[in-house]
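Biologist: Could you walk me through this one before I go back to the bench? I'd like to start with the strands and then jump around a bit.

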Amino acid sequence: MIFSDHPELFELQPGWNVAMVISPNGLTADPSGSSDGISNREDRAMLGYLRSQSDLIVTTGATARAENYRSSKYAPLAIITTGSVDLSSIPAMQDSSIFSHYLITTKPNARLAKFTNVPEEHVLVVRDLQAAFLAIENLISVNPIAKILFEGGPLVTQELLRFKPETRFILTVSGVSPGAIEVAETFVQNRFGTALSDRPSISMQTTVNSYLVWP
């Protein structure tokens, strides 16, 4: 497998790791708000490989709804939501899973929500995003080498990078159009400023995609 052949790019580190895909023109979602229209089979295989290494998969309520999240066979899911606690449309909240998931929310009434895969003790009410990240770290604190994989949009990723500047960031540019790496670098500069652009990166291109990683 191409991903396991490149541990310098595709091995998760203990702590926080981000996986994100963008289109060749720097978009993070298709017109429906999902990444389906801008990703491809190789990118999805890469995400599966990253998930297989993770101890906890973290996303946001908005991303989970847009992507129709299902439970992973590799790790439990933690959903951060600062808006609606109506997550009933997300399959992972109700489907058959070997894991109990987590809901981290700024809405106190979230404790009233009933989800098959989220026991009441796994609903954590926090004051803001920074407290949400800290609560997630506390969930895996018994394992000092636990690997957290974050899959979410640029706005929450930006807050995560402020919380943990050393976060590993794996960015896929779907396609190998000329200048794909430059598109990725421009995207990072525009979205995250110096949080990533001041750090050295590693790049790789396959016949399908371009990858840029900040270890």
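**Strands, a helix and some rings**

Modeller: Strands β7 and β9 pair in the antiparallel sense, over 5 bridges, and within that pairing Ile170 stands opposite Val213 of β9. Please keep in mind throughout that this is a predicted model.

Biologist: Which other strand is joined to β9, and in which sense do they run?

Modeller: That is strand β8, residues 202-205, which is joined to β9 by 4 bridges and runs antiparallel to it. Here Ile202 stands opposite Val213, the residue of β9 that Ile170 also stands opposite. Strands β8 and β9 form a hairpin, with 4 residues between them.

Biologist: And how many residues of β9 are buried?

Modeller: The strand covers residues 210-214, and 5 of its 5 residues are buried. Ser210, Leu212 and Trp214 point one way from β9, while Tyr211 and Val213 point the other way, and all of them are buried.

Biologist: Back to β7, then: how many bridges join it to β1?

Modeller: There are 6 bridges between β1 and β7 (residues 168-173), and these two strands run parallel; the bridge partner of Ala19 in β7 is Ile170. Strand β1 is also joined to β6, residues 147-151, by 4 bridges, again in the parallel sense, and in β6 the partner of Trp16 is Ile148. As for covering, 7 of the 8 residues of β1, which spans residues 15-22, are buried.

Biologist: Which elements have the lowest and the highest mean pLDDT?

Modeller: Helix α7, residues 194-197, has the lowest mean pLDDT among the elements of the protein chain, at 84, and β6 has the highest, at 98. The chain as a whole averages 91, with 100% of the residues scoring at least 70.

Biologist: Changing topic, where does Ser35 lie, and is it buried or exposed?

Modeller: Ser35 lies in the loop between β1 and α2. It counts as buried because its relative accessible area is 17%, and the cut-off for that label is under 20%. Leaving aside residues up to four places away in sequence, Ser35 touches Val21, Thr28 and Glu67.

Biologist: What caps the N-terminal end of α4?

Modeller: Asp128 does, with a side-chain oxygen 3.3 Å from the backbone nitrogen of Gln130. In the helix itself, which runs over residues 129-139, the buried residues are Leu129, Ala131, Ala132, Phe133, Ala135, Ile136 and Glu137.

Biologist: Last topic, the aromatics: how many pairs does a search of the whole structure find?

Modeller: The search finds 8 aromatic pairs. In one of them, the rings of Phe3 and Phe10 have their centres 5.3 Å apart and their planes at 80°, so that pair is edge-to-face. Both Phe3 and Phe10 are buried. Phe3 also forms a stacked pair with Tyr49, at 6.3 Å centre to centre and with 25° between the planes.

Biologist: Why does the Phe3 and Tyr49 pair tie together parts that are apart in sequence?

Modeller: Phe3 lies in the segment before α1 and Tyr49 in helix α2, so the pair ties together parts that are 46 residues apart in sequence. Tyr49 is buried, as is Phe3.

Biologist: Which residues form the aromatic cluster?

Modeller: The cluster is formed by Phe3, Phe10, Tyr49 and Tyr211, and that last residue is one of the buried residues of β9.

Conventions:
Residues numbered from 1 in each chain as written. Heavy atoms only, no water. Buried < 20%, exposed > 50% of the residue type's maximum accessible area, 1.4 Å probe, protein only. Pairing = 2+ DSSP bridges. Polar contact = N/O pair within 3.5 Å; in protein donor to acceptor, adjacent residues only side chain to side chain. pLDDT = per-residue confidence, 0-100. Contact = heavy atoms within 4.5 Å. Phe/Tyr/Trp six-rings, centres within 6.5 Å; stacked < 30°, edge-to-face > 60°.
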